[in-house]
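Please look over the model below. The report then takes up confidence, the sheet and a helix pair.

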Amino acid sequence: MERLLQQQQQLYEEEEESRGVNVIGSELMDSYTVYIIEVTSGRHQWTVKHRYSDFRELHDKVVIKQQMLKELLPPKTVLGKNAPAVVARRAQQLQIYLRGILDQQGTCCSAPLANFLLMHIYDLVGVTTYLAEYLFNKGEEILEKDEEVSFSPLQLHAIAWHLRRGPLPYRVTSQSDLGNILDFACRLKCLKVAGTLGTLGSSNIEDCRLPFDLSIFKALQQLKVNDCDIAGISGLEMCKGTLTSVSMHHCTSTIQDILFREVAVLGEWVVQGTAVDPKDKRPSPVAIVPPWSELTMLDLSDNNISYIDTTLKLTPKLQHLDLRNNNIKSIENLQHLSSLSHLDLSGNKLAALPPLRGRLGNVRVLCLAANGICSVTPLVCLYSLVSLNLASNALYEMAEVQQLGQLPCLEQLLLEGNPVCSTSDYRTRLLAAFGERACEVSLDQMLPSSKEVDTAAVLWAIQRSQDNKHKGNAKADGAAKQPGGC
């Protein structure tokens, strides 16, 4: 943990502002030339493209009152303006021009220059300045709608950088004050953070790897994070008391990195408020860990999780757990989730299900699609199941899936994509296993027709007759073996 914090601190320190511009090339378009400008800010670089008329427009906005810079802009050329020698000379002159403006304005760029160099998109100061001004004007309106708001990793990284760096060495306006962002953040309830695969736009910024801090969000109830390295996210534990829903995709390889990152260094721990077993022989002191007291929905689908670890004990109110499309090989450590009603483990590696009695509590909706499952026997003890998804597994035998008829509350069963579905009279034979409840069961997203119900009833009656006959024969055989029997 300490090493992780040191790495994050190093990344923030490397962001110290040092800006530069270079005109690194040009491109000939149909009838004009665009100049390629490379902008450097700290360790970030990006390119922008502008034609001469854009420079003239910038000049009119920011240089008209600065006598020393008036003559820096090269004059307009009409004849031979796209000739290589003319373009090369003008590129050098434009570079001197931009550097002159940048040196004059320093860290605090004017809005025209910031927009010209796309600093509001890539530069840490520019990003926060633009965001602060936007929230100054629109923040209250956005909060009143009580809707999900998206922040980019770069925006959050820039905010954290500012907070670590301290006050900027220039006077800011009320519109561009960082306080506008912090005030908005501390009242925001629904946040989405989505990283970018590869580099961001024309820059070298990999925003999915940028560290950022979530502790500024004091009232957060719903959090969605996509394509961000969990190792770079700090402050999540500060949201434990308010978050009701957390979704993270392409972020982590363990559950503990999200729920309790310090578990590896603390060793023995218990959930705060848990009654201590007098027979517990663990040495004292044991770390007392506060729970995620309000969390009811946890979606960690599409990650690289291979193990359901014990940190789920920290979510006593969890009702919905989504672990689709991971690499999980066993169902464990769920017995403590007494409120869990919806569990999705589709797209994992659960080919051999373990005994599930006492492991899943009162789960009502269970999704196990695409796991290579070949036996449903461990599922027949889950009497609270209302919906079961076993699509795209390796179920071949009708007798195997007919065991599911023992589930007294099952109303929705999905088996499509299994070899057993190609069995003759598959639907009616399976529906017959539910007996009098056959008309209530939706099989493969389709309620049975009247004809299927009638056929299933006949098959069920025949099966009952055969079962009774077998029981009668077994009883007679038992009586014959008693002393005095025939």
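The notes below go from model confidence to the sheet and then to the helices.

## Confidence

This is a predicted model. The protein has an average pLDDT of 87. A score of at least 70 is reached by 86% of the residues. Residues 1–8 are another matter: their pLDDT is below 50. Beyond near neighbours in sequence, this stretch makes 10 contacts in the model.

## The sheet

An open sheet is built from 11 strands. Their order is 4-5-7-9-12-13-14-15-16-17-18, and the pairing is parallel. Strand 4 (149–151) and strand 18 (442–443) are the edge strands. Each of these two pairs on one side only.

Within the sheet, strand 15 (residues 365–367) pairs with strand 16 (residues 387–389). Three bridges join them, in the parallel sense. Opposite C367 stands N389 of strand 16.

## Helices 6 and 7

Helix 6 spans residues 124–145 and helix 7 spans residues 153–165. Their axes come within 9 Å and cross at roughly 100°. Helix 6 and helix 7 are therefore roughly perpendicular to each other.

Helix 6 contributes L124, V125, V127, T128 and L131 to the contact. Helix 7 meets them with L154, Q155, H157, A158, I159, W161 and H162. Eight of the residues in this contact are nonpolar and four are polar. None is charged.

## Helix 7 on the sheet

Helix 7 also lies across strand 4 and strand 5 (190–194). It runs at about 70° to strand 4. Strand 4 is one of the edge strands of the sheet.

Technical notes
Residues numbered from 1 in each chain as written. Predicted model: local features only at pLDDT ≥ 70, side-chain atom pairs only at ≥ 80, totals over all residues. Heavy atoms only, no water. Axes fitted to C-alpha atoms, helices over the stretch in contact; angles between N-to-C directions. Helix = DSSP H or I, 4+ residues; strand = E, 2+ residues; numbered from the N terminus. Parallel < 35°, antiparallel > 145°, perpendicular 65-115°, else oblique. Contact = heavy atoms within 4.5 Å. Nonpolar A, V, L, I, M, F, W, Y, C, P; charged D, E, K, R; others polar. pLDDT = per-residue confidence, 0-100. Pairing = 2+ DSSP bridges.
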